[in-house]
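Biologist: Could you walk me through this structure, one question at a time?

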Amino acid sequence: MLLRQATMADLPEIEAIIRDGRDLLAAQSIDQWQGIYPNTAVLVDDIHQGWTVVLEEDHEILGTAAIIPGVDPTYRQIDGQWLTHDAAYLAIHRVAVSAHHHGRGLAGELFQRLFAQINQADHIESIRIDTHPQNMAMQHIIKKNGFTETGRIDLDSVGITDVQDLAYERLTTHIRPEHLFQTSLA
């Protein structure tokens with residue numbers, strides 16, 4: 001398996017995987033991704049910005065995610081507290097795997113390969129991600145891959161109202177102690 005940066009030639013397969021994710025969520029009565037988000041314009045912009053990665057095996061795209069350098073507008077305000085402050089971070093958005101390969105642990109594989117690449121960037125101190133409060137499968141994957149739940153965030157900045165996603169953060173090997181929030185023990 002290979003994790004690589006996506007190109008515009010990958011767009012049809014990425015869109016199909018996003019549709020798979022949308023359909024899976026709809027089948028579970030989860031309203032995440034049930035509107036116009038994420039649409040083709042968002043996916044194209046992600047690719048043009050160099051943010052989209054794909055997990056590929058035998059020339060087939062098995063999964064995708066957008067890896068976006070902070071400051072992420074959706075993460076500026078949190079009902080809770082991030083693990084870090086003033087630290088360089090990456091945000092992971094639009095994670096999806098092919099419906100043809102569910103049950104293979106591909107989301108975990110995607111995360112592990114991402115972490116290996118991110119840990120090579122000595123200036124990145126943490127990774128942030130969020131998901132819908134009803135998306136139990138993604139919550140499980142996020143927690144299983146070392147993220148800590150930090151609170152809830154609004155999605156108003158991306159045009160989604162009336163939902164507060166669960167927010168998570170994972171420290172990298174390059175975290176600087178002065179960027180950690182200190183919690184007091186009672």
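**Helix contact and nonpolar cores**

Biologist: Which residues of α1 meet T40, L43, V44 and I47 in α2?

Modeller: This is a predicted model, where local features need pLDDT of at least 70, side-chain atom pairs need 80 or more, and totals for chains, interfaces and linings use all residues. Residues are numbered from 1 along each chain, and side-chain values use heavy atoms, without hydrogens or water. Contact means heavy atoms within 4.5 Å, and the α1 residues that meet those four in α2 are L11, I14, E15 and I18.

Biologist: How do the residues of this contact divide into nonpolar, polar and charged?

Modeller: Ala, Val, Leu, Ile, Met, Phe, Trp, Tyr, Cys and Pro count as nonpolar, Asp, Glu, Lys and Arg as charged, and the others as polar. The contact of α1 with α2 divides into 6 nonpolar, 1 polar and 1 charged.

Biologist: Which element gives the largest share of the largest nonpolar core?

Modeller: Such a core joins buried (under 20% relative accessible area, 1.4 Å probe, protein chains only) Ala, Val, Leu, Ile, Met, Phe, Trp, Tyr and Cys residues through side-chain atoms within 4.5 Å. The largest one has 25 residues, and I92, V95, F111, L114, I129 and F147 touch the most other members. Several elements give two or more residues, including β5 (89-97) and α4 (136-144). The largest share, 7 residues, comes from α3.

Biologist: How many residues does the other core have?

Modeller: This core lies apart from the largest one. Among its members are I18, W33, Y37 and A96, and its size is 15 residues.

How values were computed:
Buried < 20%, exposed > 50% of the residue type's maximum accessible area, 1.4 Å probe, protein only.
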